[in-house]
Amino acid sequence: MDAAEIWGSIGVPVFTGVVALFSGVNLFRIRAERRQINAGAGKDEATSAEILTGAALAMVKHAEEEAQRAKAEAISAREDATAARRRAENAEASATESAKISVDCAREVMEQVAIRQRLERYILDQGLPLPIP
Amino acid sequence: MGVFLTLGTGWLLTGPSVSLSTLLGGAWLMLWPILLVVSGVCGFISAIYARRDEGLSLLTERVALIGMGGFCFVYITALVIRMGLGPWVTEVLFGFILTACIWRYLQVRTRIKWCKRVGRTTAPRWRP
């Protein structure tokens with residue numbers, strides 16, 4: 001009895017039985033497996049929605065961080081503007097004071113010049129020699 | 001699918017080929033045409049529901065591929081045992097079909113696992 005006869009008499013019936021059994025099992029499992037597949041319908045859409053929700057939350061968080069950063073920058077800019085305005089006010093006050101002092105000085109000089117002219121005129125009227133050459 | 005359905009039906013009506021009659025005997029001789037008819041019908045159902053119900057289509061295609069692949073293997077064996085390796089055209093032809101069945105079976109099995117994990121709806125995925 002050679003290998004071909006052994007295969008023909010034993011192998012093929014066994015193989016046939018295995019195929020028939022496997023085919024029958026798969027045939028009777030169709031309903032259950034189909035129900036299992038259809039039961040998960042919409043799962044991929046739910047997963048997509050979950051991913052989109054996560055992405056939206058991440059975007060909101062990022063926007064919130066950006067807003068806080070912008071708010072901090074605005075506060076810093078406002079502080080800088082306040083300091084600049086204070087410096088400008090100080091400079092303005094200083095300039096006003098300087099102008100006032102200048103005017104006082106000019107008035108004093110004019111008064112002194114007027115006194116000098118009056119004294120010179122008196123000296124000349126009296127025929128006295130001028131002390132200043 | 002249609003070829004194998006015709007083959008199984010013809011076998012049931014007129015009897016198997018000489019090689020298969022020589023190799024198979026008794027109940028096994030009547031089991032294969034039944035398997036071929038079942039495989040062919042499953043193949044037709046698979047083709048009909050391919051766009052409407054992917055789960056049903058894949059599951060019936062799996063049954064069809066098992067039956068057709070098994071028959072190809074048995075038929076090649078019967079030809080080799082009866083006539084040796086001389087006239088090899090038919091063996092090569094059925095060998096190609098067997099390879100295609102195995103290849104497609106692996107694809108279908110992977111797709112079924114994916115469908116079970118993700119879930120598929122029976123709603124039409126296309127509009128005419």
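Which residues does B:Val74 touch, not counting residues up to four places away in sequence? I started my notebook there, keeping in mind that this is a predicted model.

**Entry 1, B:Val74.** I looked up the contacts and found A:Val12, A:Phe15, A:Thr16 and B:Trp32. That sent me off to the chain interface and the core.

**Entry 2, the interface.** I saw 26 residues of chain B in contact with 25 residues of chain A. On the chain B side, helix 3 (27-48), helix 4 (54-83) and helix 5 (89-118) each give two or more residues. Helix 4 of chain B has the largest share there, with 12 residues. I also sorted this side by class and got 15 nonpolar, eight polar and three charged residues.

**Entry 3, helix 4 of chain B.** I went along this helix next: its 30 residues reach 42 Å from first C-alpha to last, close to the 44 Å expected at 1.5 Å a residue. Of those 30 residues, 26 are buried, so the helix is largely enclosed by the rest of the structure. Just after the helix I noted B:Gly84, with a positive phi near 75°.

**Entry 4, the cores.** The largest nonpolar core has 26 residues, and B:Met68, B:Phe71, B:Cys72, B:Val74 and B:Tyr75 touch the most other members. I was pleased to meet B:Val74 again in that list. Helix 1 (3-28) of chain A supplies at least two residues of this core, as do helix 1 (2-14), helix 3, helix 4 and helix 5 of chain B. Helix 4 of chain B again has the largest share, here 13 residues. I then found a second, separate core of five residues, among them B:Leu56, B:Leu58, B:Leu59 and B:Cys115.

How values were computed: Residues numbered from 1 in each chain as written. Chains lettered and ligands numbered in written order. Predicted model: local features only at pLDDT ≥ 70, side-chain atom pairs only at ≥ 80, totals over all residues. Contact = placed C-beta atoms within 7 Å. Helix = DSSP H or I, 4+ residues; strand = E, 2+ residues; numbered from the N terminus. Nonpolar A, V, L, I, M, F, W, Y, C, P; charged D, E, K, R; others polar. Expected span 1.5 Å × (residues − 1). Buried ≥ 20, exposed ≤ 12 C-beta atoms within 10 Å, placed from the backbone. Core = buried A, V, L, I, M, F, W, Y, C linked by C-beta atoms within 7 Å.
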